[in-house]
Amino acid sequence: MTASSTPPPTPQSPQTAPLSAAERAYQHTKVKILSGEAAGGVLLSEGDVAAELGISRTPVHEAFLRLDAERLLAVAPRRGAAVVPMAPDEARDVLEMREAVERSTARRTLAHGRPAAAVVDELRTHLDTQRRAAAADDVQAFVVADSAFHGVLVRASRNQTAIQFMGLLRDRQLRLMFQHLHVGADEVAAALAEHEAMLAAVEQGDADAYCDLLHDHVRRHRGVL
């Protein structure tokens, strides 16, 4: 698969109300970092981002502080903000924690068997999006839909701590995937087949089967990254 020339969509949830200037700056800068447009070690200027968006520097400063708290930027007074490079072991660390969160929330969501029909329908929707992205050779859309698929059971668990933590992990995994796009036809076919099996396990309300499939799925991702 080849990467689209369009920057990846922001990982934030869709917004129905107009975004604040600080939120626009936050999402705009995060996309630059996750996509690799702003590589590790690069200095970002509040003034440059403000000019790009046509806003003042104050909301950009707020956005930079949020990204600093998420360890995507390192803000230094009077020196700007440096993009934090990915650590050598980041892929392993992120995938280990992602599996732990997903296993826990899947067991809660499937504790009483098959979840609500809306949960199953959402999984099907993201899987269909992945199929279309694969057919269109759009690796970025495929990766985003993959991340969305894995977030469904986490949100369905209603574990707010897990949902918040998964958001941080999702951003880091998107960054890894967008900047290490070793996603060939074999990996795409395998991911689709594994997601189909995981969907079937959810439809049957089988938490053990889902967690076993998840373990194999994440282990294969380690090889891709």
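This short talk describes the fold, the sheet, the salt bridges and two further sites of the structure shown above.

Good morning, colleagues. Please bear in mind throughout that this is a predicted model.

I shall begin with the overall architecture. The chain contains nine helices and three strands. Read from the N terminus, the order of these elements is α-β-α-α-β-β-α-α-α-α-α-α. The chain has 225 residues, of which 43% count as buried. If we take the contacts between residues at least 6 apart in sequence, 73% of them join residues at least 24 apart. About 11,200 Å² of the chain is exposed, and carbon and sulfur atoms supply 53% of that area.

Let us turn to the sheet. Its three strands are arranged in the order β1-β3-β2, the sheet is open, and the pairing is antiparallel. Which strands stand at the edges? They are β1, residues 43-44, and β2, residues 73-76; each has a single partner strand, so one side of each lacks a neighbour in the sheet. As a general reminder, strands of a sheet pair through backbone hydrogen bonds. Between β2 and β3, the latter covering residues 80-83, there are four bridges, and the two strands run antiparallel. One partnership to locate on the model is that of V75 with A81 in β3. The hairpin of β2 and β3 has three residues between its strands, and there R78 adopts a positive phi near 65°. Helix α3, residues 57-69, lies across β1, β2 and β3 and runs at about 125° to β2.

I now come to the salt bridges. How many does the structure hold? There are 18. I shall concentrate on a network that links K30, E70, R170 and D171.

Within this network, K30 pairs with E70, and their closest N and O atoms are 3.0 Å apart. This pair connects distant parts of the chain: K30 belongs to helix α1, residues 21-35, while E70 sits in the loop between α3 and β2, and 40 residues separate them. Both K30 and E70 are buried. K30 also meets D171 in a salt bridge, with an N to O distance of 2.5 Å. Here too distant parts of the chain are linked, since D171 lies in helix α7 and K30 in helix α1, 141 residues apart.

Why do we call K30 and D171 buried? The limit for a buried residue is under 20% relative accessible area. K30 counts as buried because its relative accessibility is 1%. D171 is likewise buried because its relative accessible area is 4%.

A further salt bridge joins E46 and R57, whose closest N and O atoms are 3.8 Å apart. E46 is in helix α2, residues 46-53, and R57 is in helix α3; the two are eleven residues apart, and the pair links distant parts of the chain. Are these partners buried or exposed? E46 has 16% relative accessibility and therefore counts as buried. R57, by contrast, has 51% and therefore counts as exposed.

Two further sites deserve attention. The first concerns E194, which is found in helix α8, residues 185-203. E194 has a relative accessible area of 19% and so is classed as buried. Leaving aside residues up to four places away in sequence, E194 touches H217 and R220.

The second site is on the surface. M97, F165 and L168 form a nonpolar patch there, and together they have about 240 Å² of accessible area. Of these residues, L168 can be placed in helix α7, residues 160-179. L168 is partly exposed because its relative accessible area is 38%.

To conclude, I would draw your attention back to two features. One is the open sheet, with its order β1-β3-β2. The other is the network of salt bridges that links K30, E70, R170 and D171. Thank you for your attention.

Methods
Residues numbered from 1 in each chain as written. Predicted model: local features only at pLDDT ≥ 70, side-chain atom pairs only at ≥ 80, totals over all residues. Heavy atoms only, no water. Patch = residues over 30% accessible without salt bridge, like charges linked within 9 Å, V, L, I, M, F, W, Y side chains within 5 Å. Areas by Shrake-Rupley, 256 points an atom, 1.4 Å probe, with all protein chains shown as cover. Salt bridge = Lys/Arg side-chain N within 4 Å of Asp/Glu carboxyl O. Buried < 20%, exposed > 50% of the residue type's maximum accessible area, 1.4 Å probe, protein only. Pairing = 2+ DSSP bridges. Contact = heavy atoms within 4.5 Å. Axes fitted to C-alpha atoms, helices over the stretch in contact; angles between N-to-C directions.
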